[in-house]
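Visitor: Could you take me on a close look at one part of this model, the first chain, and how its helices pack? I would enjoy a word on its partner afterwards.

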Amino acid sequence: MNKIAIIGDSTCDLTPELRKEYDIDYCRMIISWRDKEGKEVETFASLDWEVISHKDYFDMLASGVRVITAQVTEQEYDLVFKRHLDAGQDILYISCSSALSASVKLAERLVKEKYSKEYPDRKIAIVDPLNSCMAQGSMLLKAREMANAGTKLEDIASYFMEHRLEYNQVATVENLDTLKRAGRVKASKAFFGNLFGVKPILISDAIGNNYAIEKQKGRRNALLRCVQMVKESVVKPEEQTLWISEAECKPEDLDLLIGKIKEEIPFKEIRVVPMGPIIGGTTGKGTVGIYFVGKKVEVIGN
Amino acid sequence: MVLKTLNGESFKALVSNGAKNLRLNYEEVDNLNVFPVPDGDTGTNMCRTIENGVNTIAKLDEKRIGVLGKELSSGMLLGARGNSGVILSQIFRGICKGLSGKSEVNAVELGEAYKLGVKQAYGAVVTPVEGTILTVFREATEYACKHINEESTINEFYELHLKQALKTLKNTKELLPVLKEADVIDSGGAGYVYIVKGIVRYLDGDEIELELSKEEDSSNSAAPIDFSAFGPDDVIQFGYCTEFILRLQSSKVDIDSFDIQTIIDVLNGDDIKGDSIVALKDDSIVKVHVHTKDPGKVLDHMRDYGEFLTIKVENMALQHNEQMDEDEREAKKQKVHKKYAVVAVAQGKGIKEQFKEFGVDYIVDGAQTMNPSTEDFIRAFKSLDADNIIVFPNNKNIIMAAKQAAKLYKGAHIEVIYSTSIPQCYSALTMLDFSSDDLTLILGNFNEAIRNVVSGEITIATRDTELNGIKIHKNDFIGIVDGKLVASTKDKIDCLEKLISSVKDLEDKQVLTLINGEDATEKDREKALELIASKFPHLEYGAIDGEQSVYHFFVAIE
């Protein structure tokens, strides 16, 4: 057993296989919606998709169903954290961006008021990555690599606090409906309006918000613009894996995106994972996010 | 009547008769339209332009031709609408420059003034096109000047001018291929010929009895004022609308080199804190419009440069009730200072609403056969409190008037976008985003959107003709893509299909927006969308109820 438990949450987009390979645990947030009969369905925002499949979930969003998301509960933190603390492990928790979820605030309070008292010999570090999806996910993977290499818990945590804004997101959505319904992305009212074919480009800004930094006309233009933005800010692509989180994108869109990236930027490898239910639930079917290490993000959405 | 010389009085009579003759014949000029679409408006535009000038001098009892000419010229400049109207206003501006300072002129002097008209008009157009009003006016002027001498009468000058104008007008068809193909003569040239004919008619003793239509002229109209709008306990809030004409004095400034910016700076300065400033200089005449809470200071300062010819000061609390049309009143009510404001020309209730939703601050009404005038744009600019105003003219024939207004208005930095259609404007507005706060980038994005969009229009042919190798029957539907005729069919939806199919690189396009007009029924719209979904499945599409007249559909393909 690893001395350090590395823990994420529902927004980290790590598949069961990746979590197993890297020995990463996660705390589950909650999602709920009304089914066809009007009955409320509430379930954990699981990255194993055992209650509702990835495809059914995003088809449901596309059909106009609004999904409500809720932060990690105290009960869930107790369950996950204590599982590792009881096993004698220290904990590094890399949460969802504090701008997107209050989970991290609750975790910080619980550590201070509860876990540090109940487990005075354990070390617990929390990193607010100001990011989500595979930016958060790839930090978790990197954290495991660092721990394996013998880096101390506090050094891993301070490394991410220093470098968290170098984890870049460039994402675009297929359709504005889910985005507008959920209202979770920062942008002025005039930015969206009643627009056919307008595709916002979403970055994770310097304070951790998903921010619609610009818009493009048409899906293809948006995808190509994403590649351009990756190219503009990526640093040392040949030394890193580019992660793509996707929410039931059309295969031809993914092909176009990946083909263009391969043509333009020499990443060591490109890997695709399914986008999780929390962020995907606010951006909708067809969302595609690109995650990589690049120049420090300085933009703050207004 | 034979005139050896021309003075203010007789010049006024000549030009008025010219304007009246155009008024009698403007519909015929409207119909001289290359496209068989019911949007011909050259006659109307030129008519309104010259009438605005004539109305300005109507009550002026001025014998000196130079002084009269100046008033005529500035009236026309502000009233100018449509490209031909703007060119006409520039022609008269040049002529009147040539008449400046004179009491009366003989035929040779008149000819010299006309030559300045040629120079002014050609200078005002970025790329002068031969085969238009420019050619008609230039050749007529050159011909008349060549054949007169000191002994010639004014009558002879205008007869020669008319003779050549008629000849050149006929020849415009040979100079411009589009005219030849459509088998029409140039409409602007034809409008000009009617004006000259009117002048010659007057000289032949035939004064036309006709009441010219009056433009709403705020300075002359004596609408009853409701004094109750400013009571004994009210505080001056809007300030005073202060307008005056100043004669620069050579004892105070060097008139030729005097820069109007000096006055604008003073009006903008801390002492006066003016806004909505419009200042124009024409030789020694300076016309100013400014809103200020302290008009006394304006009057004091301005005497540093000259003496007043006229002054008008009105409490804007009263003025507000009187002179603003509904749009303007609404715009003023919500007047907040903005860094960027957008003015767009549009017609159709749905389009106007959509544009406002997109963030357009002021819509200039641009009905198909009534192009807005320079003054309409200035009114729009005045109603806005913005550092930068971006203008979408949305019609080739409106761009010049917008640009002329941009030059005249000094209260804000104005950028006129070269948008020639509603779909272009629609597309640019969907990309509207001022968050970069970088004007170059903002304009670049607009221009890129416009470059990227293909504009389609579907309307009904007004006559039989052949264009672009396509036979057109009156009352058939015709499809126009970026100004080119591409389809003519009996059925509207067929026409739409042909139109979309004709778009170059259609497979690279991604988004189609259908803007249906007031003549397109619910059924038409359904059929159109069905067509797009089935025949062009790769396009993402949506529809807007534009409610525009004339055009059954606008289509933006991006």
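Guide: Happily, and let us begin with how chain A is wired: among its contacts with a separation of 6 or more, 77% join residues 24 or more positions apart. Please keep in mind that this is a predicted model. Of the 302 residues in chain A, 50% are buried. The chain holds 11 helices and 13 strands. Its radius of gyration is 19 Å, close to the 19 Å that the globule rule gives for 302 residues, so chain A is as compact as a globular protein of that length. If you turn the C-alpha trace of chain A along its principal axes, it spans about 55 × 50 × 35 Å.

Now for the helix pairs. Find helix α3 of chain A, residues 74-86, and helix α4 of chain A, residues 103-118; they pack at an angle of about 60°, with their axes 11 Å apart. That angle makes α3(A) oblique to α4(A), and their crossing is right-handed. On the α3(A) side you will see Glu74(A), Tyr77(A), Phe81(A) and Leu85(A), which meet Leu106(A), Ala107(A), Leu110(A) and Tyr115(A) of α4(A). By class, this contact of α3(A) with α4(A) has seven nonpolar residues, no polar ones and one charged residue.

Further along the chain is another pair, helix α9 of chain A (residues 219-233) and helix α10 of chain A (residues 251-264), whose axes come within 10 Å and cross at roughly 30°. Angles under 35 degrees count as roughly parallel, and α9(A) and α10(A) are therefore roughly parallel to each other. The crossing of α9(A) and α10(A) is right-handed. From α9(A), the contact is made by Arg219(A), Arg220(A), Leu223(A), Leu224(A), Val227(A), Val230(A) and Lys231(A). Facing them from α10(A) are Asp253(A), Leu256(A), Leu257(A), Lys260(A), Ile261(A) and Glu264(A). Sorted by class, the contact of α9(A) with α10(A) has seven nonpolar, no polar and six charged residues.

As promised, here is the partner chain. The contact takes 16 residues from chain A and 17 residues from chain B. On the chain B side, the elements that give two or more residues are α14 (349-358), α18 (439-452), β16 (511-516) and β17 (540-545). The largest share of that side, three residues, comes from β17(B). By class, the side of chain B that touches chain A has six nonpolar, seven polar and four charged residues.

Chain B also has a helix pair to inspect. The axes of helix α1 of chain B (residues 8-30) and helix α9 of chain B (residues 187-203) come within 7 Å and cross at roughly 135°. That makes α1(B) oblique to α9(B), and α1(B) passes α9(B) in a right-handed crossing. Residues of α1(B) in this contact include Ala13(B), Leu14(B), Asn17(B), Gly18(B) and Ala19(B), while those of α9(B) include Ser187(B), Ala190(B), Gly191(B), Tyr194(B) and Ile195(B). By class, the contact of α1(B) with α9(B) has 11 nonpolar, seven polar and three charged residues.

Note on methods. Residues are numbered from 1 along each chain as its sequence is written. Chains are lettered from A and ligands numbered from 1 in the order in which they are written. This is a predicted model: local features need pLDDT of at least 70, side-chain atom pairs count only at pLDDT 80 or more; totals for chains, interfaces and linings use all residues. Axes are lines fitted to C-alpha atoms, for helices over the stretch in contact, and angles run from 0 to 180 degrees between N-to-C directions. Helices (H or I, at least four residues) and strands (E, at least two) are DSSP runs, numbered from the N terminus. Angles under 35 degrees count as roughly parallel, over 145 as roughly antiparallel, 65 to 115 as roughly perpendicular and the rest as oblique. A crossing is left-handed if the near helix is turned anticlockwise from the far one by less than a right angle, and right-handed if clockwise. Two residues are in contact if their C-beta atoms, placed from the backbone, lie within 7 Å. Ala, Val, Leu, Ile, Met, Phe, Trp, Tyr, Cys and Pro count as nonpolar, Asp, Glu, Lys and Arg as charged, and the others, Gly among them, as polar. The radius of gyration is taken over C-alpha atoms; the globule rule is 2.2 Å times the number of residues to the power 0.38. A residue is buried if 20 or more other C-beta atoms lie within 10 Å of its own, exposed if 12 or fewer, and partly exposed in between; C-beta atoms are placed from the backbone.
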